[in-house]
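Hi everyone, thanks for coming. Please take a look at the structure on the screen, and I'll talk you through a few parts of it.

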Amino acid sequence: MNLETQWATLLWMLASGGIMGIAFDSYRVVSGQLRFPRWGVHALDLLYWLAAALFVFRTLYHSNQGELRFYVFLGLFLGIWIYFLFLSVLTERFVLMLMRIANKIYHFIVRTIEIFIIAPLQWLVKMIRVLLGFVWIVLLFLGRITLLPIWKLLVWVLTPIWTRLRIPQGVDKIRRWAAVWRERVLRLLRWFYKE
């Protein structure tokens, strides 16, 4: 490996260390703001380190065909150290600002949906309920006006037939028979449950 490739690899590892620092700070700020459960933080930590390792090895493979040398680790360490020394606070503030902007955009979208979609639908449902209630009252009123005279006429016409067929007497016999049997069953049950 020539000197030019070694310097290019060192610079790539410096950049990779800085990018790892940016990703770590961004992830740390986001997870702190969103308050993941403890097991979720551990899972996300594992995912971060897997992604960082894949990124570093992909960059290393791109720069010098994947050869591991001392200056690779030195470049990573220096990149992370320089990042945390000069850019960490700026990254945290920038990520917090982005989260605030995303939160405001989210609330704006939710409020817009509430105003332009949900509120008109609720108003429409209320109007349909009021309209159906009004139609129901009108139908009841019309039914009472038109059906009550028809009902009275039907009762007047069917009363002689009802009394001729002696239906009320048959209904009374069935009621008396049911009362007798009910009394017998209750007496039998009381006999079993005597103390």
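I'll start with confidence, then go to the helices, and finish with one residue.

So, this is a predicted model, where local features need pLDDT of at least 70, side-chain atom pairs count only at pLDDT 80 or more, and totals for chains, interfaces and linings use all residues. Residues are numbered from 1 along each chain as its sequence is written, and side-chain values use heavy atoms, with hydrogens and water left out.

pLDDT is the predictor's confidence in each residue, from 0 to 100. The protein's mean is 84, and 92% of its residues reach 70 or more. Of its elements, helix H4 (residues 88-164) has the highest mean, 88, and helix H5 (residues 167-192) the lowest, 79. Helices here are DSSP runs (H or I, at least four residues), numbered from the N terminus.

Now, how do H1 and H2 pack? Helix H1 (residues 3-34) meets helix H2 (residues 38-64) at an angle of about 160 degrees, and their axes are 10 Å apart. That makes the two roughly antiparallel, a label for angles over 145 degrees.

Is H1 the length you'd expect? Let me just say that its 32 residues should span 46 Å at 1.5 Å a residue, and its end C-alpha atoms are indeed 46 Å apart.Last one: Thr 146 sits in helix H4. Thr 146 is partly exposed, at 44% relative accessible area (partly exposed lies between buried, under 20%, and exposed, over 50%, with a 1.4 Å probe and protein chains only).

Note on methods: Axes fitted to C-alpha atoms, helices over the stretch in contact; angles between N-to-C directions. Parallel < 35°, antiparallel > 145°, perpendicular 65-115°, else oblique. Expected span 1.5 Å × (residues − 1).
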